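Here is a short report for a reader meeting this structure for the first time. Look over the sequence and the model, then read on.

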Amino acid sequence: MNRTHLSAPNSIIWDVTNRCNLNCRHCYVEATPASVHELTTREAMTIIDQVVRAKVFRLSFSGGEPLLRKDIFDLIQYAAQWVPVELATNGMLIYGEEASALKSSGVSMVQLSLDGLEEAHDYLRKRQGAFQRVLEATGILKEAGIPFGVTTVVYRKNFSEITELVQLAEKLGAFTIRFYRLIYTGRAAEMSSMDLTPTEYRWVLEEIYGYKGTIHAVADEAFGFLLHGKENPHQWVGCQAGRTLAGIKANGQVVPCPMFDDPAFYCGSVLDQDFRKIWAHSPVMARFRALDKIHGKCSSCTHLHQCGGGCRAAVYAKTHDLYASDYQCFVEGDP
(Lines give C-alpha, C1' and ligand atoms only; values in the text may rest on other atoms or scores of the structure.)
Protein backbone atom coordinates (compact mmCIF):
# COMPACT_ATOMS: atom_id res chain seq x y z
CA MET A 1 0.00 0.00 0.00
CA ASN A 2 1.21 3.48 -0.83
CA ARG A 3 2.21 5.17 2.41
CA THR A 4 0.68 8.47 1.37
CA HIS A 5 -2.87 7.15 1.35
CA LEU A 6 -5.05 4.18 2.19
CA SER A 7 -6.15 1.53 -0.29
CA ALA A 8 -9.62 3.04 0.07
CA PRO A 9 -10.86 6.12 1.90
CA ASN A 10 -12.24 5.77 5.40
CA SER A 11 -15.09 8.04 4.41
CA ILE A 12 -16.87 9.21 1.28
CA ILE A 13 -19.10 12.27 1.32
CA TRP A 14 -21.53 12.05 -1.57
CA ASP A 15 -23.59 15.03 -2.67
CA VAL A 16 -26.49 12.95 -3.92
CA THR A 17 -28.26 16.08 -5.15
CA ASN A 18 -27.48 19.74 -5.68
CA ARG A 19 -31.11 20.69 -5.15
CA CYS A 20 -32.03 22.45 -1.93
CA ASN A 21 -35.03 24.02 -0.24
CA LEU A 22 -32.83 26.80 1.18
CA ASN A 23 -30.49 29.37 -0.35
CA CYS A 24 -27.74 29.53 2.26
CA ARG A 25 -25.09 32.24 2.06
CA HIS A 26 -22.20 29.80 2.49
CA CYS A 27 -23.33 26.90 0.28
CA TYR A 28 -20.30 25.41 -1.45
CA VAL A 29 -22.34 23.80 -4.24
CA GLU A 30 -24.54 26.88 -4.77
CA ALA A 31 -27.56 24.61 -4.44
CA THR A 32 -30.88 25.69 -5.97
CA PRO A 33 -34.39 24.18 -6.11
CA ALA A 34 -33.72 23.00 -9.68
CA SER A 35 -32.08 19.65 -10.43
CA VAL A 36 -28.83 19.67 -12.41
CA HIS A 37 -27.10 16.41 -13.46
CA GLU A 38 -28.71 14.31 -10.74
CA LEU A 39 -28.11 10.58 -11.03
CA THR A 40 -30.93 8.08 -11.39
CA THR A 41 -31.74 5.55 -8.69
CA ARG A 42 -30.15 2.77 -10.73
CA GLU A 43 -26.98 4.81 -11.31
CA ALA A 44 -26.79 5.67 -7.61
CA MET A 45 -27.12 2.03 -6.59
CA THR A 46 -24.36 1.09 -9.03
CA ILE A 47 -22.11 3.64 -7.32
CA ILE A 48 -23.03 2.20 -3.92
CA ASP A 49 -21.89 -1.20 -5.22
CA GLN A 50 -18.54 0.35 -6.13
CA VAL A 51 -18.19 1.95 -2.70
CA VAL A 52 -18.91 -1.37 -1.02
CA ARG A 53 -16.37 -3.21 -3.20
CA ALA A 54 -13.78 -0.60 -2.26
CA LYS A 55 -14.43 -1.44 1.43
CA VAL A 56 -15.05 2.14 2.47
CA PHE A 57 -15.78 2.40 6.20
CA ARG A 58 -18.43 5.13 6.11
CA LEU A 59 -20.71 6.71 3.52
CA SER A 60 -22.35 10.08 4.05
CA PHE A 61 -25.23 11.31 1.89
CA SER A 62 -25.14 15.07 1.60
CA GLY A 63 -26.18 17.76 -0.87
CA GLY A 64 -27.91 20.09 -1.50
CA GLU A 65 -30.66 18.67 0.66
CA PRO A 66 -30.66 14.87 0.27
CA LEU A 67 -34.22 14.53 1.59
CA LEU A 68 -35.42 16.16 -1.62
CA ARG A 69 -34.59 12.93 -3.45
CA LYS A 70 -37.71 10.76 -3.53
CA ASP A 71 -35.52 7.65 -3.47
CA ILE A 72 -33.25 8.71 -0.59
CA PHE A 73 -34.68 6.18 1.86
CA ASP A 74 -34.25 3.41 -0.72
CA LEU A 75 -30.63 4.45 -1.28
CA ILE A 76 -29.91 4.49 2.44
CA GLN A 77 -31.51 1.10 2.93
CA TYR A 78 -29.59 -0.37 0.02
CA ALA A 79 -26.22 0.96 1.18
CA ALA A 80 -26.80 0.25 4.88
CA GLN A 81 -26.73 -3.48 4.18
CA TRP A 82 -22.95 -3.23 3.94
CA VAL A 83 -21.68 0.12 5.20
CA PRO A 84 -22.70 2.63 7.91
CA VAL A 85 -24.66 5.45 6.25
CA GLU A 86 -24.96 8.99 7.57
CA LEU A 87 -27.31 11.69 6.34
CA ALA A 88 -26.37 15.39 6.39
CA THR A 89 -29.43 17.64 6.32
CA ASN A 90 -30.53 21.18 7.10
CA GLY A 91 -33.34 19.67 9.18
CA MET A 92 -36.13 21.65 7.53
CA LEU A 93 -37.84 18.56 6.09
CA ILE A 94 -37.64 16.26 9.10
CA TYR A 95 -41.04 15.47 10.54
CA GLY A 96 -42.46 12.31 12.06
CA GLU A 97 -42.94 10.48 8.75
CA GLU A 98 -39.41 11.27 7.57
CA ALA A 99 -37.90 10.21 10.90
CA SER A 100 -39.79 6.93 10.78
CA ALA A 101 -38.54 6.30 7.24
CA LEU A 102 -34.98 7.12 8.25
CA LYS A 103 -35.20 4.73 11.17
CA SER A 104 -36.57 1.95 8.98
CA SER A 105 -33.91 2.55 6.32
CA GLY A 106 -31.12 1.79 8.77
CA VAL A 107 -29.37 5.18 8.78
CA SER A 108 -26.56 5.14 11.36
CA MET A 109 -26.81 8.83 12.26
CA VAL A 110 -28.13 12.18 11.07
CA GLN A 111 -26.00 15.33 10.91
CA LEU A 112 -28.01 18.50 11.45
CA SER A 113 -26.69 21.92 10.47
CA LEU A 114 -26.91 24.40 13.34
CA ASP A 115 -24.86 27.47 12.51
CA GLY A 116 -25.07 29.40 15.76
CA LEU A 117 -27.88 30.59 17.96
CA GLU A 118 -31.07 31.93 16.38
CA GLU A 119 -29.87 35.19 14.81
CA ALA A 120 -26.62 33.78 13.42
CA HIS A 121 -28.22 30.57 12.12
CA ASP A 122 -31.16 32.28 10.42
CA TYR A 123 -28.83 34.86 8.86
CA LEU A 124 -26.63 32.22 7.28
CA ARG A 125 -29.62 30.15 6.17
CA LYS A 126 -31.49 33.22 4.87
CA ARG A 127 -34.69 31.88 6.39
CA GLN A 128 -36.44 33.27 9.46
CA GLY A 129 -37.56 30.40 11.66
CA ALA A 130 -34.90 27.99 10.39
CA PHE A 131 -33.29 27.81 13.84
CA GLN A 132 -36.55 26.83 15.54
CA ARG A 133 -37.25 24.24 12.85
CA VAL A 134 -33.88 22.55 13.53
CA LEU A 135 -34.65 22.45 17.24
CA GLU A 136 -37.96 20.74 16.44
CA ALA A 137 -36.14 18.27 14.20
CA THR A 138 -33.79 17.27 17.03
CA GLY A 139 -36.77 16.36 19.20
CA ILE A 140 -38.33 14.31 16.40
CA LEU A 141 -35.09 12.41 15.78
CA LYS A 142 -34.61 11.81 19.49
CA GLU A 143 -38.14 10.44 19.83
CA ALA A 144 -37.53 8.15 16.85
CA GLY A 145 -34.35 6.81 18.44
CA ILE A 146 -32.02 8.07 15.71
CA PRO A 147 -28.57 9.23 16.86
CA PHE A 148 -27.79 12.73 15.65
CA GLY A 149 -24.94 15.17 15.66
CA VAL A 150 -24.66 18.87 14.95
CA THR A 151 -22.36 20.60 12.46
CA THR A 152 -21.54 24.31 12.59
CA VAL A 153 -19.73 26.64 10.23
CA VAL A 154 -17.85 29.18 12.33
CA TYR A 155 -18.01 32.78 11.14
CA ARG A 156 -18.15 36.29 12.54
CA LYS A 157 -21.75 36.23 13.73
CA ASN A 158 -21.44 33.04 15.77
CA PHE A 159 -17.85 32.66 16.94
CA SER A 160 -18.59 34.37 20.28
CA GLU A 161 -21.38 31.81 20.91
CA ILE A 162 -19.25 28.66 20.77
CA THR A 163 -19.68 27.54 24.38
CA GLU A 164 -23.41 28.36 24.39
CA LEU A 165 -23.85 26.43 21.17
CA VAL A 166 -22.06 23.36 22.52
CA GLN A 167 -24.22 23.52 25.63
CA LEU A 168 -27.36 23.77 23.50
CA ALA A 169 -26.37 20.80 21.34
CA GLU A 170 -25.67 18.76 24.46
CA LYS A 171 -29.04 19.74 25.95
CA LEU A 172 -30.83 18.78 22.74
CA GLY A 173 -29.32 15.30 22.90
CA ALA A 174 -26.68 15.46 20.17
CA PHE A 175 -23.80 13.07 20.80
CA THR A 176 -21.34 15.22 18.88
CA ILE A 177 -20.90 18.75 17.57
CA ARG A 178 -18.36 19.39 14.84
CA PHE A 179 -17.19 22.86 13.88
CA TYR A 180 -16.06 23.75 10.36
CA ARG A 181 -14.21 26.81 9.19
CA LEU A 182 -15.62 29.11 6.53
CA ILE A 183 -14.27 28.17 3.08
CA TYR A 184 -14.72 30.62 0.23
CA THR A 185 -16.27 28.22 -2.27
CA GLY A 186 -19.62 28.56 -3.99
CA ARG A 187 -21.71 31.35 -2.51
CA ALA A 188 -19.27 31.65 0.40
CA ALA A 189 -16.87 33.36 -2.02
CA GLU A 190 -18.80 36.53 -1.10
CA MET A 191 -18.32 36.00 2.64
CA SER A 192 -14.60 36.63 3.16
CA SER A 193 -15.39 39.70 5.30
CA MET A 194 -17.27 37.41 7.71
CA ASP A 195 -14.27 35.15 8.33
CA LEU A 196 -12.13 35.12 11.47
CA THR A 197 -8.56 36.22 11.99
CA PRO A 198 -6.00 33.55 12.97
CA THR A 199 -6.08 34.90 16.55
CA GLU A 200 -9.85 34.60 16.70
CA TYR A 201 -9.65 31.15 15.15
CA ARG A 202 -7.24 30.02 17.83
CA TRP A 203 -9.60 31.32 20.50
CA VAL A 204 -12.44 29.31 18.95
CA LEU A 205 -10.36 26.12 19.07
CA GLU A 206 -9.51 26.77 22.70
CA GLU A 207 -13.22 27.14 23.50
CA ILE A 208 -14.10 23.94 21.65
CA TYR A 209 -11.35 21.77 23.09
CA GLY A 210 -11.71 23.30 26.54
CA TYR A 211 -15.37 22.35 26.91
CA LYS A 212 -16.04 19.89 29.70
CA GLY A 213 -19.21 17.92 29.18
CA THR A 214 -20.65 14.68 27.87
CA ILE A 215 -20.91 15.78 24.23
CA HIS A 216 -18.00 15.15 21.87
CA ALA A 217 -17.03 18.65 20.68
CA VAL A 218 -14.43 18.75 17.90
CA ALA A 219 -13.25 21.00 15.08
CA ASP A 220 -12.65 19.79 11.55
CA GLU A 221 -9.24 21.38 11.19
CA ALA A 222 -5.52 20.67 11.30
CA PHE A 223 -4.15 22.86 14.08
CA GLY A 224 -5.53 21.48 17.33
CA PHE A 225 -2.27 19.72 18.17
CA LEU A 226 -0.60 23.14 18.40
CA LEU A 227 -2.73 23.76 21.49
CA HIS A 228 -2.90 20.27 22.97
CA GLY A 229 0.01 18.31 21.58
CA LYS A 230 -0.53 14.58 21.89
CA GLU A 231 -3.60 15.23 24.04
CA ASN A 232 -5.48 16.73 21.10
CA PRO A 233 -8.99 15.23 21.45
CA HIS A 234 -9.64 15.75 17.75
CA GLN A 235 -7.00 13.17 16.78
CA TRP A 236 -6.87 14.70 13.31
CA VAL A 237 -3.60 14.88 11.42
CA GLY A 238 -3.57 17.31 8.54
CA CYS A 239 -5.71 17.68 5.46
CA GLN A 240 -7.26 14.31 4.68
CA ALA A 241 -8.34 15.09 1.10
CA GLY A 242 -7.29 12.24 -1.17
CA ARG A 243 -5.73 10.38 1.76
CA THR A 244 -8.54 9.07 3.95
CA LEU A 245 -11.37 11.11 2.43
CA ALA A 246 -13.03 11.48 -0.97
CA GLY A 247 -16.11 13.18 -2.29
CA ILE A 248 -18.57 12.30 -5.03
CA LYS A 249 -20.41 15.11 -6.75
CA ALA A 250 -24.07 15.01 -7.77
CA ASN A 251 -22.98 14.35 -11.37
CA GLY A 252 -20.85 11.33 -10.38
CA GLN A 253 -17.45 13.02 -10.50
CA VAL A 254 -15.01 11.98 -7.77
CA VAL A 255 -13.06 14.72 -5.98
CA PRO A 256 -10.38 14.54 -3.25
CA CYS A 257 -12.68 16.53 -0.95
CA PRO A 258 -16.30 17.62 -1.44
CA MET A 259 -15.29 21.26 -0.96
CA PHE A 260 -13.58 21.21 -4.38
CA ASP A 261 -16.13 22.16 -7.04
CA ASP A 262 -13.67 23.34 -9.71
CA PRO A 263 -13.65 20.80 -12.60
CA ALA A 264 -9.85 21.03 -12.50
CA PHE A 265 -10.09 18.77 -9.45
CA TYR A 266 -12.38 16.17 -10.99
CA CYS A 267 -10.65 12.80 -10.74
CA GLY A 268 -12.99 10.85 -12.97
CA SER A 269 -16.62 9.80 -13.06
CA VAL A 270 -17.86 6.68 -11.31
CA LEU A 271 -20.31 6.36 -14.18
CA ASP A 272 -17.35 5.67 -16.49
CA GLN A 273 -14.84 3.82 -14.31
CA ASP A 274 -14.67 2.00 -11.02
CA PHE A 275 -14.11 4.08 -7.89
CA ARG A 276 -11.16 1.92 -6.82
CA LYS A 277 -9.32 2.71 -10.04
CA ILE A 278 -9.97 6.44 -9.66
CA TRP A 279 -8.79 6.42 -6.05
CA ALA A 280 -5.62 4.50 -6.80
CA HIS A 281 -4.54 6.05 -10.09
CA SER A 282 -5.95 9.57 -10.47
CA PRO A 283 -3.18 12.16 -11.05
CA VAL A 284 -5.41 14.69 -9.28
CA MET A 285 -5.53 12.53 -6.16
CA ALA A 286 -1.73 12.22 -6.29
CA ARG A 287 -1.39 16.01 -6.02
CA PHE A 288 -2.94 15.82 -2.53
CA ARG A 289 -0.67 13.05 -1.27
CA ALA A 290 2.68 14.83 -1.26
CA LEU A 291 3.84 17.80 0.78
CA ASP A 292 7.01 18.69 -1.10
CA LYS A 293 5.33 21.36 -3.24
CA ILE A 294 3.83 23.31 -0.34
CA HIS A 295 5.56 26.66 -0.05
CA GLY A 296 5.53 29.71 2.21
CA LYS A 297 6.04 29.40 5.94
CA CYS A 298 4.66 25.84 5.95
CA SER A 299 7.54 24.53 3.82
CA SER A 300 10.10 25.03 6.59
CA CYS A 301 7.80 24.50 9.58
CA THR A 302 8.59 21.61 11.92
CA HIS A 303 4.86 20.84 12.12
CA LEU A 304 4.33 20.35 8.36
CA HIS A 305 3.98 16.57 8.56
CA GLN A 306 1.51 16.86 11.42
CA CYS A 307 -0.89 19.43 9.93
CA GLY A 308 -0.18 18.74 6.26
CA GLY A 309 -0.04 22.44 5.55
CA GLY A 310 -3.62 22.97 6.69
CA CYS A 311 -6.80 22.85 4.62
CA ARG A 312 -6.08 22.61 0.89
CA ALA A 313 -9.67 23.52 -0.05
CA ALA A 314 -9.57 26.72 2.00
CA VAL A 315 -6.15 27.66 0.68
CA TYR A 316 -7.11 27.09 -2.95
CA ALA A 317 -10.42 28.92 -2.62
CA LYS A 318 -8.66 32.03 -1.32
CA THR A 319 -5.38 32.00 -3.28
CA HIS A 320 -6.03 29.73 -6.31
CA ASP A 321 -2.75 28.07 -5.32
CA LEU A 322 -3.16 24.51 -4.06
CA TYR A 323 0.25 24.55 -2.39
CA ALA A 324 0.16 27.90 -0.55
CA SER A 325 0.45 27.96 3.23
CA ASP A 326 -2.77 28.02 5.21
CA TYR A 327 -3.71 31.61 6.05
CA GLN A 328 -5.55 30.56 9.25
CA CYS A 329 -2.48 29.02 10.87
CA PHE A 330 -1.63 30.88 14.06
CA VAL A 331 2.01 29.84 14.18
CA GLU A 332 3.98 33.08 13.95
CA GLY A 333 5.05 34.21 10.49
CA ASP A 334 3.33 35.29 7.29
CA PRO A 335 1.80 32.59 5.06
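Which residue in strand 4 is the bridge partner of Thr89? The partner is Leu112. Keep in mind that this is a predicted model.

**The sheet**

The pair Thr89 and Leu112 belongs to a wider pattern. Strand 3 (residues 85-89) runs parallel to strand 4, and four bridges join the two. Both sit in an open sheet of ten strands. Read across, the strand order is 7-6-5-4-3-2-1-8-9-10. The pairing in this sheet is mixed. Strand 7 (216-219) and strand 10 (268-269) are the edge strands, and each pairs on one side only.

**Helix 5**

Helix 5 covers residues 130-144, which makes 15 residues. From first C-alpha to last, helix 5 reaches 21 Å. That is close to the 21 Å expected at 1.5 Å a residue.

Which residues of helix 5 are buried? They are Ala130, Phe131, Arg133, Val134, Leu135, Ala137, Thr138, Ile140 and Leu141. These buried residues pack against both strands and helices. The strands are strand 4 (109-113) and strand 5 (148-154). The helices are helix 3 (96-105), helix 4 (118-125) and helix 6 (162-172). Strand 4, the partner of strand 3 in the sheet, is thus also a packing partner of helix 5. Just past the end of helix 5 comes Gly145, with a positive phi of about 80°.

**The cavities**

How many cavities of 30 Å³ or more does a search of the whole structure find? The search finds two. The table sets them side by side.

| Cavity | Volume | Lining residues by class |
|---|---|---|
| Largest cavity | About 90 Å³ | Eight nonpolar, one polar, three charged |
| Second largest cavity | About 40 Å³ | Eight nonpolar, no polar, one charged |

The lining of the largest cavity consists of Cys239, Ala241, Arg243, Arg287, Phe288, Ala290, Leu291, Ile294, Gly308, Arg312, Leu322 and Tyr323.

The second largest cavity has its own set: Val154, Phe179, Tyr180, Arg181, Tyr201, Val204, Leu205, Ile208 and Ala219. Which element gives the most to this lining? Helix 7 does, with four residues. Helix 7 (198-210) and strand 6 (176-181) each supply at least two lining residues here.

Note on methods: Residues numbered from 1 in each chain as written. Predicted model: local features only at pLDDT ≥ 70, side-chain atom pairs only at ≥ 80, totals over all residues. Heavy atoms only, no water. Expected span 1.5 Å × (residues − 1). Buried < 20%, exposed > 50% of the residue type's maximum accessible area, 1.4 Å probe, protein only. Contact = heavy atoms within 4.5 Å. 1 Å grid on protein atoms, 1.4 Å probe; cavity = no way out; pocket = protein on both sides within 12 Å on 5 of 7 lines; lining within 4 Å. Points joined across faces, edges and corners; volume = space filled by probe spheres on them. Nonpolar A, V, L, I, M, F, W, Y, C, P; charged D, E, K, R; others polar. Pairing = 2+ DSSP bridges.
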